[in-house]
Amino acid sequence: MNFLVSGNDETIGQFQPALKERGDLELFASFADLLKRAEVVGSGLAIIDTGVPGYDGDAGLKLLKRVNASLKILLVGIPKSPKEELAALAAGAMGCCGPALSSEQI
């Protein structure tokens with residue numbers, strides 16, 4: 001199962017087609033909605049827009065990984081500092097990227 005967590009139409013348009021090609025996709029407008037769903041699904045990929053309501057950085061990532069350790073997480077949004085990106089990776093993200101990611105890179 002794949003998840004896209006964003007309320008930004010541009011971000012949704014960028015990532016939704018690539019995720020649909022890779023299997024089932026659920027779209028959420030808040031981080032809390034992802035947390036609820038992550039409790040009852042197996043492995044998958046969650047692409048999280050860092051500007052989505054309820055996303056609170058490293059604390060949220062750690063909670064999500066406790067809820068579902070097998071979920072892979074990719075953060076997208078406004079580029080973070082190297083220190084912030086390293087903290088997100090340490091908290092459980094598999095990667096961080098800015099909004100200019102090409103479809104091949106997705």
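Let me start with strand 1 (2-5), which is covered on both of its faces, since Asn2 and Leu4 on one side and Phe3 and Val5 on the other are all buried, where buried stands for under 20% relative accessible area, exposed for over 50% and partly exposed for what lies in between, with a 1.4 Å probe and protein chains only. In a regular strand the side chains alternate between the two faces of the sheet. I should say at once that this is a predicted model, in which local features need pLDDT of at least 70 and side-chain atom pairs count only at pLDDT 80 or more, while totals for chains, interfaces and linings use all residues. Residues are numbered from 1 along each chain as its sequence is written, and side-chain values use heavy atoms, with hydrogens and water left out. Helices (H or I, at least four residues) and strands (E, at least two) are DSSP runs, numbered from the N terminus.

Now to the sheet. Strand 1 belongs to an open sheet of 5 strands in the order 2-1-3-4-5, with parallel pairing, and two strands are taken to pair if DSSP finds at least two bridges between them. Strands of a sheet pair through backbone hydrogen bonds, either parallel or antiparallel. At the edges are strand 2 (25-28) and strand 5 (95-97), each of which pairs on one side only. Neighbouring strands of this sheet are turned against each other by 20 degrees on average, with direction ignored; axes here are lines fitted to C-alpha atoms, for helices over the stretch in contact, and angles run from 0 to 180 degrees between N-to-C directions.

Going through the pairs, strand 1 is joined to strand 2 by 4 bridges, the two running parallel, and Val5 has Phe28 in strand 2 as its bridge partner. On its other pairing, strand 1 meets strand 3, again in the parallel sense and over 4 bridges, with Asn2 opposite Leu45 in strand 3. Strand 3 then pairs with strand 4 over 6 bridges in the parallel sense, and here Gly44 has Leu71 in strand 4 as its bridge partner. How enclosed is strand 3 by the rest of the structure? It is largely enclosed, because 5 of its 6 residues are buried.

Strand 4 and strand 5 run parallel and are joined by 3 bridges, one partnership being that of Val76 with Cys97 in strand 5. Cys97 is buried, with a relative accessible area of 16%. Leaving out residues up to four places away in sequence, Cys97 touches Leu74, Leu75, Val76 and Gly77, where contact means heavy atoms within 4.5 Å. The C-alpha atoms of Cys97 and Leu75 are separated by 6.3 Å, although these residues are 22 apart along the chain.

Next, the helices. Helix 1 (residues 9-21) lies across strand 1, strand 2, strand 3 and strand 4, and runs at about 180 degrees to strand 1. Helix 2 and helix 3 pack at an angle of about 20 degrees with their axes 9 Å apart, and are therefore roughly parallel to each other; angles under 35 degrees count as roughly parallel, over 145 as roughly antiparallel, 65 to 115 as roughly perpendicular and the rest as oblique. Their crossing is left-handed, which is the term used if the near helix is turned anticlockwise from the far one by less than a right angle, and right-handed if clockwise. Helix 3 and helix 4 also pack at about 20 degrees, with axes 8 Å apart, but the crossing of helix 3 and helix 4 is right-handed. In that pair, Asp58, Leu61, Lys62 and Lys65 of helix 3 meet Ala87, Ala88 and Ala91 of helix 4.

Finally, the interior. A nonpolar core is a set of buried Ala, Val, Leu, Ile, Met, Phe, Trp, Tyr and Cys residues joined through side-chain atoms within 4.5 Å. Which members of the largest such core touch the most other members? Of its 20 residues, they are Phe31, Leu34, Ile48, Leu61, Leu64 and Leu75. The largest share of this core, 4 residues, comes from helix 2. Setting aside neighbours within four places in sequence, Leu34 is in contact with Phe3, Val5, Phe28, Ala46, Ile48 and Leu64. A second, separate core of 9 residues includes Leu4, Ile12, Phe15 and Cys97. By contrast, Lys36 in helix 2 is exposed, with a relative accessible area of 57%.
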